Amino acid sequence: MSFATINPATGKFVKDFPLQSNEEIFAALGAADERYREDWKFRPVADRARIVGRAAQILREKRDEYAGYLTLEMGKVTRFAYIEVDLVADILDYYAEHGERFLAAESLPEEPGATVVSEPIGVILAIEPWNFPYYQLARVVAPQLVAGNVVMLKHAQNVPQCALAFARLFVEAEAPEGVYTNLFCSIEQIANLIDDFRVRGVALTGSERAGASVGERAGRNLKKVVLELGGSDPALILEGASLEHAVEQTVMGRTFNSGQGCVNIKRVIVVGKERGKEMLAALTERFAAIQVGDPTDETTLLGPMASERGLDGLLRQVEDAKAAGAKIAYGGKRVDRPGFYVEPTIITEIAEDNPLYQQEAFGPVLSFYVVDSEREAIELANATRYGLGAYVFDEDVERAKQAASHIESGMVYINSCFVDSPRLPFGGVKNSGFGRELSKLGIGEFVNRKLLRVSDPV
């Protein structure tokens, strides 16, 4: 296991980074725990928030540099890289501006003398993926540093320069040593950190398998854990939906970030056979027109997959789906050029016994279904072990909201593909995990809601 930069647009090796030794890892844990106990948790919220806000300012000043790392290491289309950088700066600012209010003591009017205060709990260990190399980090780091916790973070192996760049933000913002620690460590070392009593909480965004492993280990150590484990997000195209609008949103919702997003649209479910034919034809035409290529080119919509391993796995899913009877309406092949490129793909006729029926396709592969009724659409939407995001399209918003109320997911977006904001809570149900990030909810996941009950002295 090693951390290395391999340019997905060319497939060429750039640079590797050595793993830290056990001695280095646990020395860093000791420094983080000491910083928390002797300094960070005692600082006023406003002081902690000032450092986080300064990190946002530095990120905006170095916007070009930070976007460049995203394109280099995971192949993110450059104009989308700027969107991620800007969103991360907004998240840092959001908690810097609102953290003090979120953490304010709350009196209990029906219990005179009773107050609930929010206090940090210690070292939070975060394990984060490569698909949004800064955004995934900011969702944990911004609220937890403002709350008074300290964070140790293991990033994905293929984005080490992004990891180091994010850590530099807090060094340059004059965060004391130990407040934010980047780790280049192994899975075994992560397990040992979870076992250490000084680590008081664990956050992971990743695969279902990784979540089960981390959740089990954290549970055995009686530690709070927040898990975001991906999804197979359905888009329901109801009878009153504008097909033109639904097609436009589906194209962006499936191909954004080269389809490598937990809440990308994964499955389209159209109500009505004729409308299904019409939408499939329109999607096929739009997929055929997608510009696939160099992520630095302003005309590119679909860049490379982040790794050859991810590309090979996606192509195997397509072949397995075909072998089980599914039809490829468009795409399905590797693009003949250097780098890790795949054609945008639409797959139809996916039966219940087809492996793709239950799988998450983490790339620009769209599963397409047609049903006869809204009830069937909802049943199909829920016929998955995942429950992260979902989408409903209908010009009758009240009808769309009614359908949304029957969908088993943590988030439902009506008449749009995914919209992100620091103010919107993020998280799922079922095998998509538990806990919430962002919004006021995100800052409360790793704090001690302590009751203070005051009585008059006798």
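## A guided tour of the predicted model

Begin by selecting A31, which sits in helix α1, spanning residues 22-38; helices here are DSSP runs of H or I with at least four residues, strands are runs of E with at least two, and both are numbered from the N terminus. This is a predicted model, in which local features need pLDDT of at least 70 and side-chain atom pairs count only at pLDDT 80 or more, while totals for chains, interfaces and linings use all residues. Residues are numbered from 1 along each chain as its sequence is written, and side-chain values use heavy atoms, with hydrogens and water left out.

With A31 still selected, note that A31 is partly exposed at a relative accessible area of 27%, where buried means under 20% relative accessible area, exposed means over 50%, and partly exposed lies in between (1.4 Å probe, protein chains only). Now add R375 to the selection: A31 and R375 are 344 residues apart in sequence, and their C-alpha atoms are 56 Å apart in space.

**The whole chain**

Zoom out to the full protein, whose secondary structure comes to 14 helices and 20 strands. The radius of gyration of the protein is 23 Å, close to the 23 Å that the globule rule gives for 458 residues, so the protein is as compact as a globular protein of that length; the radius is taken over C-alpha atoms, and the rule is 2.2 Å times the number of residues to the power 0.38. Taken along the principal axes, the box that the C-alpha atoms fill is roughly 75 × 55 × 40 Å.

If you colour by accessibility, buried residues make up 56% of the 458 residues. Among contacts with a separation of 6 or more, 73% are between residues 24 or more positions apart, a contact being heavy atoms within 4.5 Å. The protein exposes about 19100 Å², of which carbon and sulfur atoms supply 51%, with areas from the Shrake-Rupley method and a 1.4 Å probe; for residues, only the protein chains shown count as cover.

Next, select residues 3-450, which UniProt lists for "domain: Aldehyde dehydrogenase" in an unreviewed entry; such annotations may be inferred rather than shown by experiment, and the positions are given in the numbering used here, with feature names shortened. Over residues 3-450 the chain is 42% helix and 20% strand, and the end C-alpha atoms lie 40 Å apart.

**R79 and its distant partners**

Move to R79 in helix α4, residues 78-102, where R79 counts as partly exposed at 35% relative accessibility. Which residues does R79 contact, leaving aside its neighbours within four places in sequence? They are D297, E298, T299, T300 and L301. For T300, the C-alpha atom is separated from that of R79 by 9.3 Å, although the two residues are 221 residues apart along the chain.

**Two loops to compare**

Select V292, placed in the loop between α10 (273-288) and α11 (308-323). Beyond its neighbours within four places in sequence, V292 is in contact with L302, V335, R337, Y341, V342 and P344. A distance drawn from V292 to A326, 34 residues apart in sequence, should give 24 Å between C-alpha atoms.

Then go to G206, in the loop between β8 (199-205) and α8 (208-220), which counts as partly exposed at 24% relative accessibility. With neighbours within four places set aside, the contacts of G206 are E228, L229 and G230, whereas the C-alpha atom of V371, 165 residues along the chain from G206, is separated from that of G206 by 32 Å.

**Backbone stops**

Most residues other than glycine have a negative phi, and most peptide bonds are trans. Against that background, select N257, which is not a glycine and has a positive phi near 60 degrees. N257 is in the loop between α9 (243-255) and β11 (267-271), and counts as buried at 4% relative accessibility.

Finish at L438, another residue that is not a glycine, with a positive phi of about 70 degrees. Its place is the loop between β19 (433-434) and α14 (439-443), and at 0% relative accessibility L438 counts as buried.
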